[in-house]
Amino acid sequence: MTKFIPLLLAGLLATLGVQAQTVKLQTTEGDIRIELNAEKAPKSVANFVQYVKAGHYNGVVFHRVIESFMIQTGGYDAKLAQRPQQMLQPRPTKPPIPLESHNGLANVRGSVAMARTNDPNSATAQFFINVVDNPMLDGEPDNPASGYAVFGQVIEGMDVVDKIRMAPVAPYQMHQHLPVNAIIITKALIEPVKK
């Protein structure tokens, strides 16, 4: 009997119209809405929401834009776009989180995933939006330390994502695909909406 309680609770919550959390990214190119999937990627979502609530993403640039791959943001403020002579460091972050790839969510067009280094457990604030299907980012089936953790999906604003991915880019210092003209997240907001 007790094993049926979670199923009954899930059904009841769905009946009551439980709200899914979404984030709106207001950018200089338009708005992008992302629905978060806390069920499949709880640590990644909690981490992302923490950064949104702290205002971390307000004023960051898209610093890695690859037309046939993805667009990445979350690390550098708009000073990077001014191309200063000194090397700019990413914004300060909280400790990294464990990798949550292999969670049933795929790196398909419009999905949102945590960026990381070669260390699987190194994701902090940076994230990317896949602009095409990128199955190679899902990792190897037998290697839980592979892949990139998807934690959300763009539900509005893929036209904005496509506009960003077509932006002219040029190498600058350590950045190989920095937009020539700054594309900035002016504000990131939590927006609960009904499923």
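**Exercise 1. Determine which strands each supply at least two residues to the lining of the second largest pocket, and describe that lining.**

Step 1. In this predicted model, the lining of the second largest pocket draws at least two residues from each of strand E3 (60-66) and strand E4 (70-77).

Step 2. The pocket has a volume of about 310 Å³, and 16 residues line it, with His63, Gln72, Arg116, Thr117 and Gln126 lying nearest its centre.

Step 3. Sorted by class, the lining of this second largest pocket consists of six nonpolar, eight polar and two charged residues.

**Exercise 2. Work out how E3 and E4 are joined, and how E3 sits in the rest of the structure.**

Step 1. E3 and E4 run antiparallel and are joined by five bridges; one of the residues to look at is Phe62, whose bridge partner in E4 is Thr73.

Step 2. Three residues lie between the two strands, and E3 and E4 form a hairpin.

Step 3. Of the seven residues of E3, six are buried, so the strand is largely enclosed by the rest of the structure.

**Exercise 3. Locate His175, decide whether it is buried or exposed, and list the residues it touches, leaving aside those up to four places away in sequence.**

Step 1. His175 belongs to strand E9 (residues 175-179).

Step 2. The relative accessible area of His175 is 6%, and because buried means under 20%, this residue counts as buried.

Step 3. Not counting residues up to four places away in sequence, His175 touches His63, Tyr76, Leu80 and Ala170; among these, His63 also appears with the residues nearest the centre of the second largest pocket.

**Exercise 4. Establish how the buried and exposed residues of helix H3 are arranged about its axis.**

Step 1. Within H3 (residues 158-165), the buried residues are Met158, Val160, Val161, Ile164 and Arg165.

Step 2. Viewed down the axis of H3, these buried residues fall within an arc of 155°, so they line one face of the helix.

Step 3. Asp159 and Lys163 are exposed on the other side of H3.

Step 4. The general background is that an α-helix has 3.6 residues a turn, so residues three or four places apart point the same way.

**Exercise 5. For Arg83 and Gln173, give the backbone phi, the loop and the degree of exposure.**

Step 1. As a point of reference, most residues other than glycine have a negative phi.

Step 2. Arg83, which is not a glycine, has a positive phi of about 50°; this residue is found in the loop between E4 and strand E5 (111-114), and with a relative accessible area of 25% Arg83 is partly exposed.

Step 3. Gln173, likewise a residue other than glycine, has a positive phi near 50°; the loop that holds Gln173 runs between strand E8 (169-172) and E9, and at 32% relative accessibility Gln173 is partly exposed.

**Exercise 6. Find how many cavities of 30 Å³ or more there are, and describe the largest cavity.**

Step 1. The count comes to one cavity of 30 Å³ or more, and the largest cavity holds about 40 Å³ of space.

Step 2. Its lining is made up of Ser44, Ile97, Pro98, Leu99, Glu100, Met114, Pro120, Ala123 and Ala149, which divide into seven nonpolar, one polar and one charged.

**Exercise 7. Summarise the protein chain as a whole.**

Step 1. The protein chain contains three helices and 10 strands, and from the N terminus on its elements run α-β-β-α-β-β-β-β-β-α-β-β-β.

Step 2. Of the 195 residues in the chain, 44% are buried.

Step 3. Among contacts between residues at least 6 apart in sequence, 71% join residues at least 24 apart.

How values were computed:
Residues are numbered from 1 along each chain as its sequence is written. This is a predicted model: local features need pLDDT of at least 70, side-chain atom pairs count only at pLDDT 80 or more; totals for chains, interfaces and linings use all residues. Side-chain values use heavy atoms; hydrogens and water are left out. On a 1 Å grid over the protein atoms alone, a cavity is a set of points where a 1.4 Å probe fits but cannot get out, and a pocket is an open set with protein on both sides within 12 Å along at least five of seven lines; lining residues have an atom within 4 Å of a point. Grid points are joined across faces, edges and corners, and a volume is the space filled by probe spheres set on the points. Ala, Val, Leu, Ile, Met, Phe, Trp, Tyr, Cys and Pro count as nonpolar, Asp, Glu, Lys and Arg as charged, and the others, Gly among them, as polar. Buried means under 20% relative accessible area, exposed over 50%, partly exposed in between (1.4 Å probe, protein chains only). The arc is that of the directions from the helix axis to the C-beta atoms. Two strands pair if DSSP finds at least two bridges between them. Contact means heavy atoms within 4.5 Å.
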